[in-house]
Every structure is written in structure tokens, then in C-alpha cells.
Amino acid sequence: MPEPARAPTARRPCPLPFPLPPEDRRRSPYTGWTRAHWEATADGLLHAAARHASPHHALISLPGPRPSSSGPRSDGLEGFARTFLLAALRVAGNNGHDPHAHLARYTEGLTVGPQSPTSTTELTSADPDSWPRIDTVRQARVEAASLALGLRLTRRWLWDTLDDAVRTRLAAWLLPALGPSPVDNNWWLFGLTVGGFLRDAGIETVRAQTAIDRALTRIEGWYRGDGWYSDGENRAFDHYNAWALHFYPVLHAHLSGDHPLRAHYGARLHAQLRDYTCLFDANGAPLPFGRSLTYRFAATAAPWLGALTGHTPLTPGATRRLASGTLRHFLDRGALTPDGLLPLGWYGPYEPMLQSYSGPGSPYWAAKGFLGLLLPATHPVWTTREEPLPAETTDTVRPLGRTGLLLHSTASDGLVRVHNHGSNATPDDPHYARFAYSTRTGPTADGDNHFVLLLDGRPTRRGPAHPHATGPDRASSTHTPRHADGTVLTGIRVLSTTLVHGRAELRAHLVTGAAPGTRVRQTGWATTPDGPTAQLHGLHGYDDAALHTSTGSTLMGPHTHTSALEGTITDRPEGALFVALASLTNDPAPAPPSTLATTHLADDTLHVTWWDGTSSRLRFA
């Protein structure tokens, strides 16, 4: 086992608003954290949120920069439901022992909230506790899943203690979630989760089973093999694979004691974790790619689920090292306010990464990251010595199933990158449309890791990327650029390829159909002053030197800079080829990018000789 080291960071760990136990570097040489640290963090989060509860604790309305598109009442339910799930995991994992009386507070809210459900989205002093109706406020369906899962986990200590009238009201409020999903993506699984609880409780069991079967049938068509689902009919590959599309079916099968169902979905989870666990940096950071990134350490839900069900490629020590490293990563970097709340953002508040559905309670989807508390204190995941992550043990380059994504990590600095040649959830969203993402950079609004045509001085958009080919060290895609206003540039095609060797990324683009004289631009990584070293060097088709520009803030911090190369489309029937070398590294004093490779173009083949004498070829037929 490699010598453990503290995660590299240029920042002093931020103080926390609640006490933690002493570190245990003997059992946890990488993070110092034990189960007691997770319990203390869960308690701290719950105590902080409770201070923002409505008079009868039925809504938890947290402070934030703005309400979600569903309105303040829905946001209050979101705060209640998601923190209730955290409380449920905390108490169920302690076999019902609840020294902080977390469940007592939520029991009061569960009693009052569904008494008079309302269609109004605003909060009033005359009605500060009522929940919104599922059939009129669709976000309530999402929160119904957290409530149902929490009730299922704590049934012996909460649901079974309620009187019949309260249980009847709760069931009546939950039942509309069994209907067809209004959104055709992972939302189908909210009905499955509500159905799982109601079926176990003996309520509308036929209707509940129908919702379960309908959801599992719907997601089956989105399974792409090798552990990867698309989140809907489009090519949406992101964290929803782990914290939704695997999370709900596998946990449902586990809680149901349905061994065939658990074996079926568990095998898929195991396959997903072979890839997903490689996306965590040695410093604990998950990959900031896709939407809902404000859920932060919910990214650890699937690795915990693998340990809970036995469907995981990780050892128990590596599982805890991954999960504790991720939770520490965020807490050490200011992910909690001085009042102990999770703000809308990545580390601290950061509005540019939010979606319209994000409200002040949204970050508490992170409760899923505490799933490991369901494992008893005697489980090997808590008792064995921490072991290193995949990113710490070996350099890795390989395609991620059939997603069009290429994994790229380097053990010398523990940094993980993903090159994007196939995820199309929101083609013009910087959190989906860039050609590359890493665990130590974030996308800018100004176009890092992009290749564009410059039309009247304005950069084109990428548009949907279509996977073209993959190999052990490469991935490629095609796309038709769009004008800045979204108009498709019919007749223009860009074939893009990323070829990786060590820390080097060779980025090649063959442009056909564009008018001679059109200018193009290739941009590199956007890094903060205390971040890794980014390099960009032109090899073919570009002007001489890279330009260095200020590109504003990212979720990693302010004052980023990005390198850019520009070139000109020439009149060649086979198309204009542009080739550059890029690098992102945390190694000290990296060699100039010009030393990483040399290239030679012969006919339609690019011959590449790397710095260590090995060679590769790219064909542009």
C-alpha cells in the first residue's frame, strides 16, 4: 500500500461550527475520520437545519439567495424531507437509539404537514406548516421519495407509533406519487420509492406494486450496458447514474429482501462502481460534471450502497477512504456556513452552477451520502484500515462504457480528468458541453476546454456530440456547430479526437464544410491561482503562441485564467486539421508542453511520438 498522504490543498481547513472527535490516523491514515466523525457531522447538520423549522416543524425554510422555481412552500418541504432522510439514516443506523431526539421533531412535522395540503406556493403567517399537494406542485413528488424512504428506514420507531388518523393522512398525501411521472427521467424512481414504502406498510399494495413495476420497466430502456444508464432518452451521463438510477432500485431491492431483484440491479451497480469510483480525486473531490452539483457529497451514496449490499469492487477500507475523503474535502473547503448550513454552491455559495429547480433546501440531497451509517459500527467498512483510491495507485486511461466519456487520471498527483465525447444532456450548458472536465477545475462561462469557429467575432456553440469511436487511449465524436443564437450551421462538421498519454492530451479537430478564412479557437483548462498548472501548445494549424486570458470565476474559485490558440480554415477538400497538446497537472515544475510529443502528418494519418519514445497514430478518414 502506498504511503498515505494528506490531500494536497493550498487552503487551511475551514473551522466547523460543531465539534468533532479526535482523528484516528492509525485506522484512517488518509483521512483521520471514523464513524464517530460521520455521526457528529450528521448531528451538526440536523441541529443547524432545525433552527429554521416552521412552528410545528413541518417545513424547514432555509436561507438562500432566491427561492426555487417551485416556490417557498415547496422549498420548505424540500428542507424538511431531505433533512428527515438524514435523520432517518442517523437513527436507523443506530438501531433506533436517538439521543438527540431527531425523530421527535420530525414526527411532529409528519403529523401536521399533510393535515391540510395546499396548492399555494407561497408561505403565509396564517398557514406556515402545510405541505404542497403532489398533484399540483410536481417538486413535491421528489420530496415524497425522501419522506417515504425515511419512513421505511424508521418504520419501527416512527410510523408504527403514529395513530391511525395520522397514518391515513400521510398515506393520502403520498399516494399521488404513485401515478405516472411528469418528467421522463430518473423521476420515475420517486414513484418506485414511495411504492416500496406503501407496499411494505400494507397500503394500496396493488397500486404500489404497479408503480414499482412501471418505474423499473421505464429505466430498463435507458440502460446502456457496463453499469451506465442514460437519464432519459437523451445521452445524459452524469452523477444521476450513481445517486438516483442505481441508488433507488438497488436500495429498494435491499430493503425488500428481494434477492433476485437485488442480484440483477446489484450486478449493474458493481459495474458502475468500477468506473465511478475512479472519478474521485486523491484530495477527495468528485468530478464537477453535469447538473445538481450542489448535492456535493451525495456522490458517495453509490459507493456506500455497494458496501451495504456487497455489490462493489472496492475493499471496505477503500470505501471508507473514498467517502470520508469526499466529506472532508467539502467541509475543509468551506461547504458549511458559520451557522452550519449547506449553501447553494460547491464549496461556498456559487450561483452560476445552479438550476432553476435549485432552492435553499436542495443541497440536503447530500443526505444520501450518509447511507454508510446503515452499516453497523462492527462492519469492516468502519473497522478496517483505510486503503488508497484508484486515482492514487496507477495512471488510468480508458473509455467509460459506451458513454463516449474517456477517463484519464494520473497517480503522481491524484488528479482525475474526463474527456467528453458523448454526454448530451444539455448541449449548451457549460457543465455538459465542454470537451473536458477535471476534479480540480470548473467550467467557465467564457469557454474553457472548447473548440469553436469564430463567426463575426462570436464563438459558435458545440451542439450535441455524437460518439464516433473509442479506443484504450482515445475517444472521438462529431458535432455540427451552432450559431450563438442556436441556429444549426448546416453543412459544417467537426470530427474531434482526444488522445491521452500520461498527463498529455492531444486534441485534434478536423473541420469540413466551413468557408476558407474562417477563424477557429481552441481553449485549455481554466485554473485558479492556487490550482494546478494548465498548459496548451499548438502543433498543427494554429498560429504561433497561445494567448492567456482572464476567464472569471468557476466553482473552484475566482480569478481563473485560460490559454487559447487560434487558427484559420484553409481551402483543403479533405478539411482543415487543427492539433494541440494540452496538460493539467499538480506535479511540481512540469516540463513545457512542447516536450510532451512531436507529430507528423502523412496523408490522412497523424503520427505521434511521445516524450518516452512510444508512438500512436490517428487516422482522419
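This section describes helix packing, selected residue environments, backbone geometry and cysteines in a predicted model.

Two helix pairs were examined for their packing geometry. Two packed helices are described by the angle between their axes and the distance between the axes. Helices α2 and α3 pack with their axes 10 Å apart and at an angle of about 140 degrees. The two helices α2 and α3 are therefore oblique to each other, and their crossing is left-handed. On the α2 side, the contact is formed by F80, T83, F84, A87, R90 and V91, which meet H102, L103, Y106, G109 and L110 of α3. By class, the residues of this contact divide into seven nonpolar, three polar and one charged.

Helix α3 spans residues 102-112, and its buried residues are H102, L103, Y106, G109, L110 and V112. These buried residues of α3 pack against α1 (35-50), α2 (72-92), α4 (139-153) and α5 (164-174). H102, L103, Y106, G109 and L110 thus appear both among the buried residues of α3 and among the α3 residues that meet α2.

The second pair comprises helix α9 (residues 259-276) and helix α10 (residues 301-309), whose axes lie 10 Å apart and enclose an angle of about 135 degrees. That angle makes α9 oblique to α10. The crossing of α9 and α10 is left-handed. In α9, the residues involved are R262, L269, L273 and Y276; in α10, their counterparts are A302, P303, L305, G306 and T309. The contact of α9 with α10 contains six nonpolar residues, two polar residues and one charged residue.

Individual buried positions were then considered within these and other elements. Residue Q272 is placed in helix α9 and is buried, with a relative accessible area of 0%. Leaving aside neighbours within four places in sequence, Q272 is in contact with D226, G227, W228, N241, A242 and H246. With respect to R35, which is 237 residues away along the chain, the C-alpha atom of Q272 is separated by 25 Å.

In helix α2, residue S74 has a relative accessibility of 2% and counts as buried. Residues up to four places away in sequence not being counted, S74 touches P132, V137 and Q139. The C-alpha atoms of S74 and L123 are 9.2 Å apart in space, and the two residues are 49 residues apart in sequence.

A further buried position occurs in a strand. F578 lies in strand β15, which covers residues 576-585, and F578 is buried at a relative accessible area of 1%. When residues up to four places away in sequence are not counted, F578 touches F451, R507, A508, H509, V511, V520, H540, G541, Y542, G567, T568 and I569. F578 and R218 are 360 residues apart in sequence, with a C-alpha to C-alpha distance of 42 Å.

Backbone geometry was examined at two loop residues. H57 is not a glycine, yet has a positive phi of about 60 degrees. H57 is found in the loop between α1 and α2 and is buried, with a relative accessible area of 6%. D603 likewise is a residue other than glycine with a positive phi, in this case near 55 degrees. D603 is located in the loop between β16 (597-602) and β17 (605-610). In contrast to the buried H57, D603 is exposed, with a relative accessible area of 78%.

Cysteines were considered last. A disulfide is a covalent bond between the sulfur atoms of two cysteines. The structure holds zero disulfides. The accessibility of two cysteines was computed: C14 is partly exposed, with a relative accessible area of 32%, whereas C278 counts as buried at 8% relative accessibility. The latter assignment follows because the relative accessibility of C278 is 8% and the cut-off for buried residues is under 20%.

How values were computed
Residues are numbered from 1 along each chain as its sequence is written. This is a predicted model: local features need pLDDT of at least 70, side-chain atom pairs count only at pLDDT 80 or more; totals for chains, interfaces and linings use all residues. Side-chain values use heavy atoms; hydrogens and water are left out. Axes are lines fitted to C-alpha atoms, for helices over the stretch in contact, and angles run from 0 to 180 degrees between N-to-C directions. Helices (H or I, at least four residues) and strands (E, at least two) are DSSP runs, numbered from the N terminus. Angles under 35 degrees count as roughly parallel, over 145 as roughly antiparallel, 65 to 115 as roughly perpendicular and the rest as oblique. A crossing is left-handed if the near helix is turned anticlockwise from the far one by less than a right angle, and right-handed if clockwise. Contact means heavy atoms within 4.5 Å. Ala, Val, Leu, Ile, Met, Phe, Trp, Tyr, Cys and Pro count as nonpolar, Asp, Glu, Lys and Arg as charged, and the others, Gly among them, as polar. A disulfide is a pair of cysteine sulfur atoms within 2.5 Å. Buried means under 20% relative accessible area, exposed over 50%, partly exposed in between (1.4 Å probe, protein chains only).
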